[in-house]
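Ready for a few packing exercises? Have the coordinates open, try each task on your own, and then follow the worked solution.

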Amino acid sequence: MVIRFKLNGRDVEVDVEPQRTLLETLRDRVQLTGTKMGCETGECGACTVLLNGENVNSCLVLTSTLHTQDEVTTIEGLENDGILDPIQQAFAERGALQCGYCTPGMILSVKALLNRNPHPTREEIKQGISGNLCRCTGYEQIIEAVEQVIEGRS
């Protein structure tokens, strides 16, 4: 079936089987591999993307459920003419990544959080990233990176 939606600000059209997940479509059909495949059960958050501005686990979304008005943003969609998004920049500056596998999903969850709440508390930050597992950083650098973004907005 042919599905049309917006991907990183552009109209796309993909021919997919009805059971194909958005994760599979992004990685295999559209060749955007920044979205990582982790548990494939919605538990780890490695596959997080934004769907109409909200963070979702792309492994749980069927591509066939998307509509023309739906907007999907992947980690590749945050960069603007070679300039990193402030969240990406803060992650790099604060060392909020080590192996990097969780980083795209983590950054997109932070993006959704800051879209909803531009000045979250430390507890709200922790809650906002609670669906994303990181085995390397211990989360402190991630929280500090988010706080850096918030401070930069003040």
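**Exercise 1.** Find which residues of H2 meet which residues of H5, and describe how the two helices pack.

*Solution.* Start with the contacts in this predicted model. On the H2 side, look for Pro86, Ile87, Ala90, Phe91, Glu93 and Arg94; their partners in H5 are Gln141, Ile142, Glu144, Ala145, Gln148 and Val149. Next, sort these residues by class: seven are nonpolar, two polar and three charged. Now turn to the geometry. The axes of H2 and H5, the latter spanning residues 140–153, lie 8 Å apart at an angle of about 130°. That angle makes H2 oblique to H5, because it falls outside the 65 to 115 range for roughly perpendicular and is not over 145, as roughly antiparallel would need. Finally, the handedness: H2 passes H5 in a right-handed crossing.

**Exercise 2.** Repeat the analysis for H2 and H3: at what angle do their axes cross, and which residues meet?

*Solution.* First, place the helices: H2 covers residues 86–94 and H3 covers residues 103–116. Their axes come within 10 Å and cross at roughly 130°. H2 is therefore oblique to H3. The crossing of H2 past H3 is right-handed. For the contacts, Ile87, Gln88 and Phe91 come from H2, while H3 supplies Thr103, Met106, Ile107, Val110, Lys111 and Leu114. By class, that gives six nonpolar residues, two polar and one charged.

**Exercise 3.** Complete the set with H3 and H5: what is the angle between them, and how far apart are their axes?

*Solution.* Begin with the two numbers: the angle is about 40° and the axes are 12 Å apart. H3 and H5 are therefore oblique to each other, since only angles under 35 degrees count as roughly parallel. As for the sense of the crossing, H3 passes H5 in a right-handed manner. Then list the partners: Met106, Val110 and Leu114 in H3 meet Ile142, Val146, Val149, Ile150 and Arg153 in H5. The class count here is seven nonpolar, no polar and one charged.

**Exercise 4.** Leave the helices and locate the largest pocket: which residues line it, and what is its volume?

*Solution.* The volume comes to about 160 Å³. Walking along the chain, the lining residues are Gly38, Cys44, Ala46, Cys99, Tyr101, Cys102, Leu133, Cys134, Arg135 and Cys136. To finish, classify the lining: eight residues are nonpolar, one is polar and one is charged. The charged one is Arg135, and Gly38 counts as polar.

Key: Residues are numbered from 1 along each chain as its sequence is written. This is a predicted model: local features need pLDDT of at least 70, side-chain atom pairs count only at pLDDT 80 or more; totals for chains, interfaces and linings use all residues. Side-chain values use heavy atoms; hydrogens and water are left out. On a 1 Å grid over the protein atoms alone, a cavity is a set of points where a 1.4 Å probe fits but cannot get out, and a pocket is an open set with protein on both sides within 12 Å along at least five of seven lines; lining residues have an atom within 4 Å of a point. Grid points are joined across faces, edges and corners, and a volume is the space filled by probe spheres set on the points. Axes are lines fitted to C-alpha atoms, for helices over the stretch in contact, and angles run from 0 to 180 degrees between N-to-C directions. Helices (H or I, at least four residues) and strands (E, at least two) are DSSP runs, numbered from the N terminus. A crossing is left-handed if the near helix is turned anticlockwise from the far one by less than a right angle, and right-handed if clockwise. Contact means heavy atoms within 4.5 Å.
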